[in-house]
Each structure stands twice: as structure tokens, then as C-alpha cells.
Amino acid sequence: MVVREGVEVALIGKTSSLPPDISPIQIGTQGRFGNTAFTVLGRVRLKWRLGAWTEWFVEFGDNTTGWMAEAQGFFMVSRAETPENLPRQNDLQRSAGFNWRGVPMTMADVKEVVVDGCEGELPYAAPPGRESLSVDLTGPNSAFACIEYSGAEVRTFFGRYCTFEELEFSNLRPVPGWFGNPPLAHETGVNAVNCPRCGSVSELKAPGSTVTLVCGSCGSVLDVASGDAQIITEAAKKLNIQPFIPLGTRGTLFGVEYEAIGFLQRADGPYTWFEYLLFNPHVGYTWLVNYKGHWNFVERLLNFPDEVGNIAVLEGRPYRLFLRGTATVRYVVGEFYWRVNFDEKAQTADYVRPPYILSKEDYPELQEVTWSRGQYVEGEQIQLAFKIPKASPEPVGVYMNQPNPYVTKGGFLGATTTALLALLILIQIVSVGRARNQLVAEQNFTFDSGDTNQTTAVIEFEVKGKPQAVKVTSFAGLQNSWLDLGYELLNVKTGERRDFLEGLEYYYGPDWSEGSQRKSTVIPAVEPGKYQLIIDPDCDPKTPIVRYDVAVKTDVPVWRNFIFCLLLLLAYPTYRFGRSAAFEQKRQAESDYDSHGFTTELEDDDE
Amino acid sequence: MKNGHPLFTIFGLLLCGYLATSHARGWLLFSSLGSKHTTPGQHTFVHK
């Protein structure tokens with residue numbers, strides 16, 4: 001071990017060997033924190049009551065030093081910095097907050113820590129067994145701070161949470177079995193764990209990160225955070241649950257290859273669901289959650305959402321509270337980065353904004369709160385990603401963040417419908433405005449049914465311009481009587497004829513009436529030319545003499561076609577809207593909270 | 001369902017095209033008066 005004090009370094013002795021791990025970081029790895037490059041000089045492996053993690057000592061490009069903690073697939077980069085009001089060790093209390101550089105920081109956890117091993121250059125002597133008290137603090141915008149009390153020494157660090165990607169690492173360690181590297185660890189058995197209870201051998205998939213291994217043979221829960229495996233819990237009742245994704249299977253989701261390393265069954269009352277822990281040495285941990293055929297790809301959040309009433313706001317977007325409950329671990333197998341326990345309980349709250357879901361889990365026993373964001377994934381995508389031979393079970397019902405298939409992406413159907421509607425109305429308005437609606441003939445006639453020598457009633461008129469609709473309006477001042485007018489429209493030049501019948505009838509009493517004294521008929525597509533409208537009347541024998549009027553208008557505006565087109569155009573959007581509303585109703589039936597004021601809309605997948 | 005939108009757009013545009021043409025040609029939907037005949041003097045009227 002080399003201890004650095006300013007620019008001087010001193011070799012102060014050998015340290016115990018570190019347990020194998022799958023970290024991609026090694027001494028000499030370079031990265032970038034904001035605008036400053038850094039190089040990894042050494043590391044300390046620390047363990048506490050419920051796990052272990054690695055602190056990498058780094059030197060920045062400006063000759064200052066700091067630490068990069070690596071835990072649970074996250075990185076916390078910090079530099080030595082003293083807060084304005086450093087709390088005394090005896091005043092430490094979880095959830096207490098104070099300002100650090102003007103940033104409101106909250107104590108996330110306080111733990112007693114022991115050095116497990118170290119290597120490379122370090123700023124202080126860290127022999128195995130060195131004890132300290134470590135206090136982690138979190139703040140807005142991924143802010144992170146740490147206070148370490150070791151005897152009379154107090155070290156303080158301020159920085160933030162980072163993802164693997166943003167640190168732009170280079171000179172990484174080739175991780176065995178990943179990214180095209182041969183699986184050396186498997187061949188040598190370095191990562192093999194013998195179950196102290198049943199003796200069966202399990203291969204650790206994420207050594208160094210894994211804290212708990214649940215023996216696949218006997219179900220015993222083993223502590224594998226450091227050195228030899230220790231039994232935490234004897235095997236509980238062994239359930240015969242076969243995970244849909246067998247542990248050890250790898251698959252690529254959202255462009256990242258993951259290996260399924262852990263499997264949980266959790267329950268809330270009668271409701272049970274399955275959770276798969278996925279691991280990638282670079283990206284860290286994610287989950288797949290399956291409830292009755294509905295899948296969610298879940299990532300832990302570094303930034304906690306703001307809770308305002310029944311709303312959680314993340315990155316400016318509101319999510320509505322859907323359910324609260326208590327999740328209990330019922331079955332577990334594989335390996336995990338935390339001390340997993342049967343019957344471990346978490347108070348949960350789910351906020352939805354399809355296809356996303358924000359889940360808050362509060363572990364009162366661990367004094368820990370976590371937030372994660374899930375994205376709904378089709379079962380077929382999971383099956384294809386992990387090359388599972390059988391299809392994922394058909395989803396049952398509507399899941400709380402399942403995208404509504406009847407709501408279009410970005411409101412596209414709504415916009416299209418509006419545009420088409422506007423176009424349709426425009427065409428109608430322009431056409432009606434351009435129609436001449438010209439009265440070309442209007443005549444009065446008297447029909448006497450008793451006069452056998454009566455001449456045929458004829459109206460002559462001319463249709464000019466384009467083919468057009470012609471309207472014939474008939475009127476008779478009928479009083480409890482009827483009149484039938486048989487019309488024949490004759491094109492004088494071509495001899496083409498069209499006939500139609502107009503039946504007028506009007507009856508009434510002291511407080512009722514029926515029928516009409518006036519009726520109109522529109523004759524479509526009348527070609528230009530001279531016409532005769534020949535009228536053959538017939539009337540009620542009780543009123544043998546009837547006076548009637550006939551008016552002819554050419555180039556009349558037509559509304560029937562427009563109404564029909566309008567109904568056809570709105571049929572599909574109306575159907576979609578109805579189905580969408582029914583889908584949302586089914587979703588809401590599963591919620592304990594009002595959805596008032598919330599709309600469902602799909603968002604781009606690549607946001 | 002997303003694939004239905006281009007079809008819906010085409011369908012809507014066809015409806016608009018039909019409406020514009022119907023105005024230009026004087027067409028009327030569901031009219032029984034479209035039938036024409038050219039046999040002068042052989043028409044008959046129907047009465048009640």
C-alpha cells in the first residue's frame with residue numbers, strides 16, 4: 001500500500017488481497033468528471049453490516065484528488081471539501097438536513113464501515129480492519145456528499161452521482177465474459193461459491209457487487225459480500241417457481257446487453273408479481289417486472305421526483321398517483337446487490353404517466369427510500385431479447401402504465417382529423433358560395449280533375465354552364481287534402497328524360513297537423529341545355545280543383561354529400577375515441593385514486 | 001393501429017376529393033333521380 005501525502009508517497013506495507021470483482025474500473029483507468037479529466041490511482045474496499053462497496057482514489061487533471069465510489073452500478077465522484085457547519089458525530093440523525101455550499105443536503109444513511117482491503121495509492125493509511133463511521137448525504141440534481149469520522153479524523157467530500165456513460169472512461173479493465181472478453185472467471189472457478197448448507201456450487205455473476213446469493217438448490221440466503229459465504233437465513237419454504245427468463249440468460253434491451261442474475265416474487269395481498277434483476281458490468285443494475293403478462297423495464301433514479309399531493313413531478317413532467325401498497329418478498333433466488341430477505345416489506349407508491357411509471361419504495365427497517373422509473377415493454381420484446389422459446393403469457397386486463405393503443409402518438413390522429421375536417425368544410429363553403437342558386441322559372445297552375453280537355457302543364461327553362469343540381473319546389477295550399485305531382489324533366493335537344501313524383505299532403509286538427517304543403521326535389525347532374533318540366537297532377541277527389549305553384553332553381557348548393565362525407569370522416573376517430581375511453585376506464589378501475597384532470601398521451605420512446 | 005393513420009389520411013383526402021367533384025358535377029348522393037331514359041312519349045306517371 002502506498003500512501004500519498006501531498007506530492008510525497010510512502011510505501012507502508014502490504015495489504016491483504018482483495019476479493020475478485022467484476023468492476024470495469026482498474027488502477028490506471030481514466031475518465032472525465034465534468035470538464036476535468038481524472039486518473040484512478042488506488043482503491044479501498046469497504047464493507048458494512050449489510051454489504052460492501054469500492055472507493056476509487058482518483059487524481060484530477062488540476063492536481064487535486066478525490067474519490068469515486070462505485071456501488072450498485074452507480075458512481076459517486078467527490079472532492080475533499082468542508083461544509084460551513086459540520087455536524088458533530090453525536091448530532092447525526094437520518095433525514096436531518098443542512099446546507100452545504102448552499103445546496104440543501106439530507107442525510108441518507110449512516111453506517112459503520114470497516115476496510116476490507118486496498119491497493120494502489122491512497123491519501124491515508126487504510127489497513128484491513130480500519131474502522132470509521134460513514135455518513136452519506138444526497139441533494140437535488142444528483143448532489144452527493146460524504147462525511148467520514150475515523151477516530152479524531154474527519155474527512156468531508158462533496159460531489160454528485162454519475163452514470164458510467166457520462167464519466168467517459170478509458171483504459172478500462174477487460175471484464176471477463178463480457179464485451180467479447182473470454183470468461184476467465186468461469187474457467188478458473190474464482191467466482192464459485194459453495195453453499196455452506198447444501199454444498200452446491202453457484203457461480204457469482206457480479207462478484208464485488210453482489211451482496212446476497214440465494215442458493216438455487218436449497219434456497220439458503222448467503223452473504224457473499226466478502227470472503228467466504230455466510231448463511232444469513234436458512235432455506236425457507238421452497239416454492240417451485242420457474243422464472244420465464246432463466247437466471248444466467250443474457251438479452252439486449254434498449255441497446256444494452258443484460259444478464260438475468262436475480263429473481264424475486266413479491267406480493268401485496270392477493271396480488272403477486274415477479275421481478276428480475278438484470279446486470280451489466282458497465283451500466284449496472286436494472287429490473288424487469290412482470291405482472292400478469294405485463295412487463296416493465298425499470299431503472300433506479302438518481303434524481304428523486306417531487307411529490308405534491310397526488311402528483312409526482314420528474315423532469316418537469318407530472319405523474320399521477322395510482323396505487324399505494326405494501327410489497328412483501330415471497331420468493332427469491334439468484335444474486336442481489338442488497339441484503340435481500342424473505343418477508344422483507346416495502347411501502348410502495350406508484351405514479352403513472354403511460355408508458356412510464358414512477359415507483360417509490362420505502363424500507364422503514366433499512367431507513368431507506370428508493371425511486372425508480374419503469375417503461376412498459378411488450379412481452380414479445382422480452383421474449384425476443386432473451387431468446388426465450390415460449391411466448392410470454394398474454395397480458396391480463398389493462399396495466400397501470402400500459403400505453404393506450406387507441407391514443408395516437410403525439411395526437412397525430414387528432415391533428416389529421418382536424419386538418420381533414422377543415423379541408424372538407426372549406427370545400428363545402430367555397431362550393432356553396434360559388435353556387436348561383438338561380439330561380440329560372442316560377443309558375444302557378446290550377447288543376448281541375450273534372451276537366452278532361454285540360455292542357456298539359458309545362459315549365460321551360462335553361463341550364464347554363466356546367467352540369468349541376470336543379471331544384472324543383474312544389475307548393476299547394478292544401479287543407480286536409482293531397483296532391484300528387486308527376487314530373488318529367490325533358491332535355492329538349494337530346495330527348496333524355498327523367499321522371500319523379502312529388503306527393504303533397506296536409507292534414508290538421510285543432511291541435512295537430514301532419515304532412516306539408518311544400519316539398520322540394522333536387523335533380524342531380526343536369527347537363528347544360530334547354531329543358532321542359534312536364535307536370536301530370538292527380539288530387540284528392542274531395543277537392544277536385546287545386547291551385548299549385550312550381551319553382552325551378554338551377555345550380556343549387558347541395559348539403560347532403562357534405563353531411564355524408566362528414567359522418568364518414570368522423571367515424572374512425574369516433575370509434576378510436578370510444579375504444580380509448582373504454583381502455584382508460586378499465587385502467588382507472590384498478591386505481592385507488594382519482595384521475596381527474598389527467599390525460600393520457602404517448603410520448604416518444606427516445607425521449 | 002399506427003399504420004392506420006396514413007390510410008385514414010388517404011381516406012379523408014378521397015372524401016374531400018369526392019366532395020369537391022360532386023359540387024363540380026352536380027352529383028347528389030342517394031338520389032333516385034339519376035336514372036335517365038331517352039324513349040320520347042313512353043313515360044308513365046304513378047299516382048296514388
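Does T328(A) count as buried or exposed, and at what relative accessibility? In this predicted model, T328(A) has a relative accessibility of 5%, and because buried means under 20%, this residue counts as buried.

Let us start from that residue and work outwards. T328(A) sits in strand 25 of chain A. Setting aside neighbours within four places in sequence, its contacts are Q265(A), R266(A), A267(A), D343(A), E344(A) and K345(A). Strand 25 spans 317–336, and strand 19, another element of the chain, spans 256–268. Both strands supply at least two residues each to the lining of the second largest pocket.

**The chain as a whole**

Chain A has four helices alongside 37 strands. Its radius of gyration is 41 Å, well over the 25 Å that the globule rule gives for 607 residues, so the chain is more spread out than a compact globule. Along the principal axes, the C-alpha trace spans about 135 × 55 × 50 Å. Buried residues account for 48% of the 607 residues. Taking contacts between residues at least 6 apart in sequence, 62% join residues at least 24 apart.

**The second largest pocket**

This pocket holds about 1000 Å³ of space. It is lined by 35 residues, and those closest to its centre are T163(A), V283(A), E299(A), R300(A) and R373(A). Besides strands 19 and 25, strand 21 (284–291), strand 22 (294–300) and strand 28 (368–377) each supply at least two lining residues. Strand 21 gives the largest share, with four residues. At the level of domains, the lining draws at least three residues from each of domain 1 (2–162) and domain 2 (189–385) of chain A.

**The second largest cavity**

Rolling a probe the size of a water molecule over the atoms shows where empty space is left. Here the count comes to two cavities of 30 Å³ or more. The second largest cavity contains about 40 Å³ of space. Around it are L489(A), E496(A), R497(A), R498(A), V526(A) and Y531(A).

The table sets out the lining of each space by residue class.

| Space | Nonpolar | Polar | Charged |
|---|---|---|---|
| Second largest pocket | 16 residues | 10 residues | nine residues |
| Second largest cavity | three residues | no residues | three residues |

For the cavity, then, the lining is made up of three nonpolar and three charged residues, with no polar ones. The pocket lining, by contrast, includes 10 polar residues.

Methods. Residues are numbered from 1 along each chain as its sequence is written. Chains are lettered from A and ligands numbered from 1 in the order in which they are written. This is a predicted model: local features need pLDDT of at least 70, side-chain atom pairs count only at pLDDT 80 or more; totals for chains, interfaces and linings use all residues. Side-chain values use heavy atoms; hydrogens and water are left out. On a 1 Å grid over the protein atoms alone, a cavity is a set of points where a 1.4 Å probe fits but cannot get out, and a pocket is an open set with protein on both sides within 12 Å along at least five of seven lines; lining residues have an atom within 4 Å of a point. Grid points are joined across faces, edges and corners, and a volume is the space filled by probe spheres set on the points. Ala, Val, Leu, Ile, Met, Phe, Trp, Tyr, Cys and Pro count as nonpolar, Asp, Glu, Lys and Arg as charged, and the others, Gly among them, as polar. Domain bounds come from an automatic or database domain assignment. The radius of gyration is taken over C-alpha atoms; the globule rule is 2.2 Å times the number of residues to the power 0.38. Buried means under 20% relative accessible area, exposed over 50%, partly exposed in between (1.4 Å probe, protein chains only). Contact means heavy atoms within 4.5 Å.
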